[in-house]
Amino acid sequence: MSEEIIEHGEKERLIRGFGAMVLARTLDNKIMTAQRQGRVGFFTPTSGQEAAQIGLSMHLRKEDIIYQYYRDMPMMLHMGVPVDIIINQIYGNSSDIAKGRQMPSHLLARNYNFMSVPSPVATNLPLAVGTAYANRYLKKQGIVVASFGDGSSSTPDFHAAMNLAAVYNLPVIFFCENNGLAISLPTEKQTKVEIWKKAEAYGMPGILVNGSDMIDTYEKTREMVEYVREGKGPVLIEARCPRMGPHSTSDDPTKYLTDIVKEGSDRDPLVITQKRLIEMGIITEQVATKMREDSQNFITSRFDELEKVPPPSPETLFDDVYDEHTWIIDEERGDIIGRN
Ligand SMILES: Cc1ncc(C[n+]2csc(CCOP(=O)(O)OP(=O)(O)O)c2C)c(N)n1
């Protein structure tokens, strides 16, 4: 299988994918540290889920639309969303495309087809289905990806979205990043059936992949992506990718999780993927070390630089509420910036 990949001239793609994994991990660690230093407010770390996201997104194209969830920063980086767009949102500063108004860590990048992350989990799934329906009606190219965690599969929105997508044969990839927990609740305490198996109940194919291995995910999801692209209907992919840290910067995982995957251990997706790439002769140990150093320097410099960007000015709070300001808005705005 792996030799097949090299023969197809996909070396560059694998290197790029691994590079995005390294970059994402570096940024993730940087944001976590900065949050502990009081420099940013809140974050939902992505460590442990890089290989799953990037393994899938290696099949995606620019025209595809992603309804991501709050742990998909690695996928965004891999799909070309500039680091600055992400860091500005993390700071919620005046260069933030969401103007500092979005819930922290709920990223968006509309120009890169990444929709805004909603806080109520799984509400992105029906939106993805609606978008796929609209795209087909408008004869637009591209497929839609909707990602979510294992806990989100217990919501009514998951079932409604899966059902509707299947009934209408819509081009949607339901991508479950099963990190084993919904905050502190283990997967086995919220569902009796493995998540990928639920596909059958709705009449779509479902598969399970090792989401800790970028190459495994890439190879095993290929057929599923092709199936959706060919207009055959939706699919459900479950990628197992154990969480490596807290749910968010607001909880202490040692209170509920004894088996944490440690960074640098042989269960760390970066270690697993790096080892495989070295074995395949695609990169060397030295190349991997250089990638990590370059990422570290790049992220540190962008993070420190963008910290200097001032917060949005208070009067911008009233922009975009209505097309034309009402007298109430003008009055409230006047209370903040001073009346004439
Ligand atoms: C509809 C809804 N219910 C509950 C919550 C509170 N909540 C926020 S994150 C979360 C855990 C979701 O777990 P999962 O879908 O497995 O994603 P993970 O955080 O593990 O990546 C919960 C329950 C919410 N945001 N929305």
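Alanine 146 touches Tyr67, Asn124, Leu125, Ala128, Val172, Phe174 and Phe175, leaving out residues up to four places away in sequence. The model shown here is predicted. Ala146 also belongs to the largest nonpolar core, which has 81 residues. Met76, Ala146, Val172, Ile173 and Ile237 have the most contacts inside that core. Helix H2 gives the most to this core, with 10 residues. In soluble globular proteins, nonpolar side chains tend to be buried together.

Now turn to leucine 236. This residue lies in strand S7, which spans residues 235-240. Is leucine 236 buried or exposed? Leucine 236 is buried, because 27 other C-beta atoms lie within 10 Å and 20 or more are enough for that label. Setting aside neighbours within four places in sequence, its contacts are Phe174, Cys176, Trp196, Lys198, Ala199, Met204 and Gly206. Phe174 is also touched by alanine 146. Leucine 208 is 28 residues from leucine 236 in sequence, yet their C-alpha atoms are 8.8 Å apart in space.

Follow the chain onward. The loop between S7 and helix H10 holds proline 253. Proline 253 has 16 C-beta neighbours inside 10 Å, so it counts as partly exposed. Buried would take 20 or more, and exposed 12 or fewer. Beyond four places in sequence, proline 253 touches Gly245, Pro246 and Ile260. Arginine 243 is 10 residues away along the chain, and its C-alpha atom is separated from that of proline 253 by 10.0 Å.

After the loop comes H10, residues 269-279. Its buried residues are Pro269, Leu270, Thr273, Gln274 and Leu277. Why do they sit on the same side of H10? They do so because they cover an arc of only 120° around the axis. The general rule is simple: an α-helix has 3.6 residues a turn, so residues three or four places apart point the same way. The buried residues of H10 pack against four helices: H2 (11-36), H3 (50-57), H9 (214-229) and H11 (285-306). Just after H10, glycine 281 takes a positive phi of about 75°.

H3 is worth a stop of its own. How many of its residues are buried? Eight of its eight are, and the helix is mostly covered. They are Glu50, Ala51, Ala52, Gln53, Ile54, Gly55, Leu56 and Ser57. These residues pack against H2, helix H4 (73-78), strand S3 (172-178), H9, S7 and H10.

Take the partner H2. The axes of H2 and H3 come within 10 Å and cross at roughly 145°. The crossing is right-handed. H2 brings Gly17, Ala20, Met21, Ala24 and Arg25 to the contact, and H3 brings Glu50, Ala51 and Ile54. Five of the contact residues are nonpolar, one is polar and two are charged.

H9 is another partner. The axes of H3 and H9 come within 7 Å and cross at roughly 35°. This crossing is right-handed too. From H3, the contact uses Ala51, Ala52, Ile54, Gly55 and Leu56. From H9, it uses Met214, Asp216, Thr217, Tyr218 and Thr221. Here the residues divide into six nonpolar, three polar and one charged. Ala51 and Ile54 appear in the contact with H2 and again in the contact with H9.

Key: Residues numbered from 1 in each chain as written. Predicted model: local features only at pLDDT ≥ 70, side-chain atom pairs only at ≥ 80, totals over all residues. Helix = DSSP H or I, 4+ residues; strand = E, 2+ residues; numbered from the N terminus. Arc of directions from axis to C-beta. Contact = placed C-beta atoms within 7 Å. Axes fitted to C-alpha atoms, helices over the stretch in contact; angles between N-to-C directions. Left-handed = near helix turned anticlockwise from the far one by under 90°. Nonpolar A, V, L, I, M, F, W, Y, C, P; charged D, E, K, R; others polar. Core = buried A, V, L, I, M, F, W, Y, C linked by C-beta atoms within 7 Å.
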